[in-house]
Amino acid sequence: AQQVSAQMAQLVAAFDEQTEALDAQLAATLVESTITLARQVVRSEIAQRPELVVQVAQDAIGAVILSARHLRLRLNPKDLPLVEAGAADLLKARGVLLQADATVAAGGCVVESDLGQVDARIEARWAQAAAVLGSTEPFADAADAAGEADL
């Protein structure tokens, strides 16, 4: 009876280990699928609604404290006219200098001031969101590296 009991305990322990391993694998697969889907949604939104950068710029400027001076907003050259038109009042009120910067991907921006900077680039915001899911997956994927991406 003791031998059967010991064997059953080993069997249950092995089953628990396999179940835990399967749970971990399932969770990792779910995070990977979520990240892939989210990346596609973000890219689609940026492509279909480029005017969303206006809200991104306004939020980034709003994150800079009012006492900051010499505000400069760097953004993708394609986004510059959208932000100029959509956030003109805020830009004028805060004395923000706009600067086209091809190194900033469409849909994002960087606000610089005498007190520091607010990084609202897609890549930076993506990294923060992915970290919440426990992922370090970058916004750019293998297709981007190969030059096959839409954006």
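This passage walks through the surface patches, salt bridges and a few individual residues of a predicted model.

Let's start on the outside, with helix α1, which covers residues 2-48. Glu17 sits in this helix, and together with Asp16, Glu20 and Asp23 it makes up a negative patch on the surface. How accessible is Glu17? Its relative accessibility comes to 57%, and since anything over 50% is called exposed, Glu17 counts as exposed. A second patch has another character: Val4, Met8 and Leu11 form a nonpolar surface patch of about 300 Å². Val4 belongs to helix α1. With a relative accessible area of 53%, Val4 is exposed.

Next come the salt bridges, and there are seven of them in the structure. One of these joins Glu137 to Arg39, with 3.2 Å between the closest N and O atoms. Where do the two partners sit? Glu137 is in the loop between α5 and α6 (142-145), while Arg39 is in helix α1, so this pair ties together parts that lie 98 residues apart in sequence. The two ends of the bridge have their own surroundings, too. Arg39 is buried, because its relative accessibility is 5% and the cut-off for buried is under 20%. Glu137, on the other hand, is partly exposed, with a relative accessible area of 37%.

Two further pairs can be described in the same way. Arg49 and Glu45 form a salt bridge whose closest N and O atoms are 3.0 Å apart. Arg49 is partly exposed at a relative accessible area of 38%, and Glu45 is partly exposed as well, at 29%. Then there is Arg121, which forms a salt bridge with Asp119; here the closest N and O atoms are 2.6 Å apart. Arg121 has a relative accessibility of 28%, so it counts as partly exposed. Asp119 is likewise partly exposed, with a relative accessible area of 28%. Beyond these pairs, salt bridges also link Arg72, Arg74, Asp101 and Glu112 into a network.

Now for something tucked away. Which residues of helix α5 (residues 122-132) are buried? They are Ile122, Ala124, Trp126 and Ala130. The cover over these buried residues includes α1 and also β4 (116-120). After α5 comes Gly134, which has a positive phi, near 80 degrees.

A positive phi turns up at His70 too, at about 55 degrees, even though this residue is not a glycine. Why point that out? Most residues other than glycine have a negative phi. His70 is located in the loop that runs between α2 (52-63) and β1 (72-75). Is His70 buried or exposed? The answer is exposed, because its relative accessible area is 67%.

Val96 also sits in a loop, this one between α4 (88-94) and β2 (97-100). Its relative accessible area is 12%, so Val96 is buried. What does Val96 touch, once its neighbours within four places in sequence are set aside? Its contacts are Ile61, Leu71, Arg72, Leu73 and Leu91. One of these, Arg72, is also a member of the salt-bridge network mentioned above. Leu11, a member of the nonpolar patch, is a long way off: Val96 and Leu11 are 68 Å apart in space, C-alpha to C-alpha, and 85 residues apart in sequence.

Finally, there is Gln99, found in strand β2. Gln99 has a relative accessibility of 28%, so it counts as partly exposed. Leaving out neighbours within four places in sequence, Gln99 is in contact with Arg72, Leu73, Arg74, Leu75 and Leu80. Arg72 and Leu73 also appear among the contacts of Val96, and both Arg72 and Arg74 take part in the salt-bridge network. As for Val118, it and Gln99 are 19 residues apart in sequence, and their C-alpha atoms are 15 Å apart in space.

Conventions. Residues are numbered from 1 along each chain as its sequence is written. This is a predicted model: local features need pLDDT of at least 70, side-chain atom pairs count only at pLDDT 80 or more; totals for chains, interfaces and linings use all residues. Side-chain values use heavy atoms; hydrogens and water are left out. Patches are made of residues with over 30% relative accessible area and no salt bridge: like charges are joined within 9 Å, nonpolar side chains (Val, Leu, Ile, Met, Phe, Trp, Tyr) within 5 Å. Accessible areas come from the Shrake-Rupley method with a 1.4 Å probe; for residues, only the protein chains shown count as cover. A salt bridge is a side-chain nitrogen of Lys or Arg within 4 Å of a carboxyl oxygen of Asp or Glu. Lys and Arg count as positive and Asp and Glu as negative; His and the chain ends are not counted. The place of a charge is taken as NZ of Lys, CZ of Arg, CG of Asp or CD of Glu. Helices (H or I, at least four residues) and strands (E, at least two) are DSSP runs, numbered from the N terminus. Buried means under 20% relative accessible area, exposed over 50%, partly exposed in between (1.4 Å probe, protein chains only). Contact means heavy atoms within 4.5 Å.
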